[in-house]
Amino acid sequence: MNTGVRYNGALLHGGLLRRLYHRWSLKLLLSELLAKRWMEPAIPFLLMWGLIAYFAAVTPNYASFANASALGRQFADMGFVVMAMGLVVISGGIDLSVGAVFAFANLTALMLLQMFHLPVPVVIVGTLLAGGMVGAINGYLVGYLKSRPFLTTLVTLIILRAVVDLLSQRYSVPLAMGSDRSWLWAYLGRGLALWTVPSNLMMLAVVGLVGHIMLSRSRPGWHLTALGSSRKAARHAGIAVERTLFFTYVMSGLLAAAGGLFYAARLSSTGSDTGAGWEVNALTAVVLGGVSLSGGRGTVARMLIGAVIVFVLVNGLVRMGLPGPMTSTALGALLLVAVGIDMKWAKNRLKTIQKIYLNPTVVELRPAPSTAADSGTPYAENDRLRDSREIGLDCVEGPEDVILDREDRLYCGTRDGLILRFSGPDFSTREVFARIGGRPLGMAFDREDNLIICVGGMGLYGVKPDGTVYKLTDETNRSWFKLNDDARLRLADDLDIAPDGKIYFSEATIRYEMHSWHLDGMEGRANGRMICFDPATGKTQTLIKDICFPNGVCTAHDGQSILFASTWLCSIFRYWIAGPKKGQIETLIDNLPGYPDNINRASDGSYWLAMVGIRSPAFDLAMRNPGFRLRMVKQVPPDEWILPGINNGCVVKFTEQGEVVESLWDPGGRKHATLTSMREHKGKLYLGGLENNRIGCIDLPGADPDWNGCDSYWGKPEVARDL
Amino acid sequence: MSTQTGGLGFKPSQEQVVLGVTALLALGFAFALPGFATLANVLTLTRSVAILGILGIAMSVVVIGRGLDLSLVATMAVTSAASLQLLQHGWPLAGAMALCLAFAVLIGVINGFIIAFVEVPALFTTLATGFLIFGLGRVFLLDGVISYVPEEASALVWLGQGRICGLPSPVLVLALMALAVHFLMSRTTLGRFIYAHGDNPEAARLTGIAVRPLTMTEYALASAIGFVAGLVMAASTASMNTQVINSTLIFDVIMVVVLGGVSLVGGRGSVGGVLAGTALIGTLLNGMTILNLDNNIQNIVKGAVLLGAILLDNRLHPRDEETARQGD
C-alpha cells in the first residue's frame, strides 16, 4: 500500500543506489527462501525436469505419448519400491530388503497364479500378505528386538534373495509354462486407467495420495514422522515406539509387494536379476528427493521426484549404451553426493539461515536535538521523574504498559504473561487479574470496560471485568508477495480504540519474535505494520504495511485520526481514519532525540510519549552504516554491541500540532530505565517500563484532578447505568 | 578378551564360547560326515578359511573404531586384479605390489575422509564407494573380468599354494597378519587410540586424539590388509575374478567379526576373537560344502547365523537407539 521510504522524512544522505541495494537486498530474499519448507524439494524438482528435458532432446521419440506411457509403466514398479524405502527412512530407519521383497512378491504372485492356479483376487491378497509378512519380520527385529535396521534388513535381503533364487531355479519350468488369461491380470499388467495412463501408474498415484494424506494429515503418519525426528521425544510424548516401527516396516513390505505384483502381471517372468540392486536405487532416489536420512523430514512427493530422477537417469544411461558397471558407478557416486549434501545440509541449515537472516538497511536521521540540561530545548534534561513513588516494587516484572480503570485500579502486564491489578490505598493490594501467557504489551479499555491487550507472540486478546480471557484475533490477511508468512501476528505491540469501536493496533515486526526485538533494531528495516480489528464484523485487516517498528498507538482526542510511533525512525505519524483526509498518512513529529514508544492522551488535550531509549551520535552513525552493523552482529558478542541508549527514563509531552512542549527525565535511569509507557489519571502520571521492577507514580501539578482515560474515551458513566 | 572369573565360578568370554561351539560343530561333522576329519580336509579348510580370516582382521580394525567397511571386498578385488595386470604388462613384482598397495591405501584414505570430514555415515559411504571402486576399476583399469597371474610371477603363486613345514602358506600369511595386527592393536599408541575412538568417539576427541585423521588411518589400514587378502586369493587360484564383489563374501566377513566378539558398537574385541569366529564360519562352510548343499541354501544358513550374531551382539552390547544416528 505505502512504503516505508515515504515516511522516512529523515532520508537525507547517501546515494539512491546504496539505499536501494540495502532495501531490496538479495540476501534478504535468499534467507527467507531458505527458511521455506518448499525450498528443499525445489532443487530436486528442477533436476528432474532438467534430466527429462535432456533425454528428450538427445533421444529420438523420447517425448512421444507411446514412449511416455511405456516409461510410466516401468516407472510405477520402482515408484512403489521407492515409497517403501521412503516411509521407513522418514521413521528414522532403513529397509534394504525392499528390492528383495519386490522380487519375492513377483515370484509369489507367479507361483500362486501359474502353479496353484488361484483366482487373481486371491493372488493379489496372497502376494500382499507375503510382502507384509517379510515386513513384519523386519519390523519385529528392528522395532521390538531393537536391532540395527541397516544390517538387519541387509540380512533379510540376503536370505530373501537366496529363497527367490532357489525357488525360481527349482520351479523354472512350471513358472514359465502356465499362463492365465484373466482380464483382471491383463488389466494389472497392460491396461490403461485413463486415456494413456497405465493402470499401475494410476494405482501408484492413488497410493501416493493416500500415503501423503496419511503422512501429513493422520495420527499414525504424525507418529511415524515424530519417531524419525526424535525418538526420545516421541517416547516421552507417549507414542508406542515399538508398535509404530513395526507397522512402518509392515507398510514398507506391503508397498514393495504391490510393486512386485504389478511387475509380475506385466512381465510374467522371474529371474535372479529381478529387483537386484533396487535397494540402492531406492535409497538414492529417496535421499535425492530430499527425504533426510536423519529421519523426520520428507513427503511422498519428494520420494517420487527422487524416483523419477533415478529412473530417468538409469533408463537414459542404458539407452545411451553405457556398460552396466558404469551405470552402477554413476548411481554410487550420486548416492554419495546426495547423502553428503543431506548430512551437511541437515546439520547446517539453521545455522546458515541464522547467519544470513539479519539484513541491516540504511536508516538516516538528522542530528538529534540537544537534550543537555542547559540547552533550552523542550527536551532539556531534568530530574522530575527522580522522586516518583514506587508501586509494587519487586512484585512486578516488566510492566510494559500500565492502565487505570474507572475505580482507580491499576493494571499492568508482566513478563510471565500475567495481568496484575493493584488496588486499595497506595495500590498496596496486588492480585493476578488474568493469566494470558505470551508477553502482554499495550492495553486499552473498550466501551464495555473490557481490557483489550496486545500480547506479543499471541495476538490481540481481551479480558472481561470478571477476569475471563477471550481472543479477539491472532491473524490478519496474508500479503501476496511476501515470502515470510505474515498472516499470523508475531509481535502485536500497542493498540487503541476508535470511537466506532474499531481496534487499531501495531505489529512491530514480522521478521522477529518478541525475545529478539532488538535484532529488528539492528536491521532497521520497515518490517512492521498497522492492523485494524473490527469487533462488529470480527474481521482483521492490515491497514499500512512496511513501517519501521511501529510501536505506540493513540487515538487523537477528536477521534478522527490515529497517532503511531515509529521507533527506529524516531518519528510520530498520523493516520486519518475519518474526515476529509481519511486514509492519508502524515508525519507529525520527526527527528525526536530518542526512540518513541507508547503514546497516550494527556488531560490538557495534548499527548504523552514515552522514550524507550535516547539517541547517541555513535548509534546514529551505526544506523547509517548497514555493513558496520552486520559485521558487529556477526563478529562481536551481543553484550558488546552498540545499542540504543536505554539507560534513561524520559517522557515527552506534545501537542495536537506535533509541537513538543515539555519533558520529564530520570537521568541515568535509576528508577525508570527503558521507560515504555505512561498513563495520566486524576492528576497523576503512572509510569511503566519494559525491564522495570516497579510502577512509578508522580503528581502532575496543574493537571485536571478528575480527568481519566476511560471518561476521555467513552464519556462519563451515566448514573442510570450504575443503578 | 581375558577370562572373567566371577564370585561363583567360571564365566566364559565370547571367544571361548565361539571356540567351544566350533569344537562341537567340528565333532558333529566329524561323526556325521565322512571325509571331514581327514588331514587333507583340515588343510583345505584352513587354506580356504585363511582369506576370510585376513579380511576379518582387516574389518576388525575398522569395526573396533566404530565403523564398517562394506567396500572391503571391492577394494580387495580391484587392487589385487590391478596388480596382476601390472605384472602382465611387465612390471617388476615389487613395483607392482608397492603401487597397488598405495592404491589400496588411497582408497581407504578417501573412505575415511568422506566419513570423517563430510560426515556421511560409514555404511552409506562404503556402500557407495564399493560401487564406485568396482565400476571405475572395471571401466578404466581392468581389461577383463578375470585377471591371471603371469608365469614369471611364481613367487606370488607361492603365497597361495606353497607350504612351509606342511602348513599352507595362506595360513602362514594369516598368522603373520594376525600377529602384526594384534601387536598394533594391543601394544602401540595407535591401537589404543583406535580402541578409544570406538569406545567413545566424543570422549576420544575431547582428550585430544585427532579423531578425523585417525578414522582415515583406520580405513587405510583395513584397505591395505584387504589388498594382502586379495593377493593370497589371487595366488591360490592363480587368477582374480572381480565377480567376487557380487558374492556375499562381505557378509561372511562381517559375520566372522561379529561372531568373534568384535562388537559393532566399537571399542571391543580382539584379533584372537576374529580368529575364533573365522574357525567357526570356516567349519560351518566346509561342512556345508561337503554336504554338497546348494549355494542358495548356504546363503540362507549364513544369513540366519549372521542375524543371530547381530541380535546376540545387540543383546550383549546394547546401543542407545534413541540417540543413534542413521547408519550407525
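## Exercises on a predicted two-chain model

S169(B) touches W158(B), L159(B), G160(B), Q161(B), G162(B) and R163(B), leaving aside residues up to four places away in sequence. Keep in mind that this is a predicted model. Let's work through it together.

**Exercise 1.** Find the helix that holds S169(B), and decide whether S169(B) is buried or exposed.

*Solution.*
- Step 1: Look along chain B for helix α7, which covers residues 169-187; S169(B) lies in it.
- Step 2: Recall the cut-off: buried means under 20% relative accessible area.
- Step 3: S169(B) counts as buried because its relative accessibility is 0%.

**Exercise 2.** Do the same for L43(B): which helix is it in, and which residues does it touch beyond four places away in sequence?

*Solution.*
- Step 1: L43(B) has its place in helix α2 of chain B, residues 39-64.
- Step 2: Its relative accessible area is 16%, so L43(B) is buried.
- Step 3: Its contacts, not counting residues up to four places away in sequence, are R163(B), G166(B) and P168(B).
- Step 4: Compare the lists: R163(B) is touched by L43(B) and also by S169(B).
- Step 5: For a look further afield, take A196(B), which is 153 residues from L43(B) along the chain; their C-alpha atoms are 38 Å apart.

**Exercise 3.** Describe the contact between chain B and chain A: how many residues does each chain give, and how much area is buried?

*Solution.*
- Step 1: Count the residues: 43 come from chain B and 40 from chain A.
- Step 2: The size of an interface is often given as the accessible area lost when the parts come together.
- Step 3: Here the two chains bury about 4,000 Å² between them, with 73% of it on carbon and sulfur atoms.
- Step 4: Search for salt bridges across the interface of chain B and chain A; the rule finds one.
- Step 5: That salt bridge joins the side chains of E119(B) and K344(A), at 3.5 Å from N to O.
- Step 6: On the chain B side, α4 (93-118), α5 (122-141), α11 (249-259) and α13 (295-316) each supply at least two residues that touch chain A.
- Step 7: The largest share, 12 residues, comes from α5(B).
- Step 8: Sort the touching residues of chain B by type: 26 are nonpolar, nine polar and eight charged.

**Exercise 4.** State how chain A is divided into domains, and what distance separates their centres.

*Solution.*
- Step 1: Domain 1 of chain A takes in 37-57 + 73-354, and domain 2 takes in 389-478 + 485-716.
- Step 2: Taken over C-alpha atoms, the centres of these two domains are separated by 57 Å.

Terms used
Residues numbered from 1 in each chain as written. Chains lettered and ligands numbered in written order. Predicted model: local features only at pLDDT ≥ 70, side-chain atom pairs only at ≥ 80, totals over all residues. Heavy atoms only, no water. Contact = heavy atoms within 4.5 Å. Buried area = accessible area lost by both parts, 1.4 Å probe. Salt bridge = Lys/Arg side-chain N within 4 Å of Asp/Glu carboxyl O. Helix = DSSP H or I, 4+ residues; strand = E, 2+ residues; numbered from the N terminus. Nonpolar A, V, L, I, M, F, W, Y, C, P; charged D, E, K, R; others polar. Domains from an automatic or database assignment. Buried < 20%, exposed > 50% of the residue type's maximum accessible area, 1.4 Å probe, protein only.
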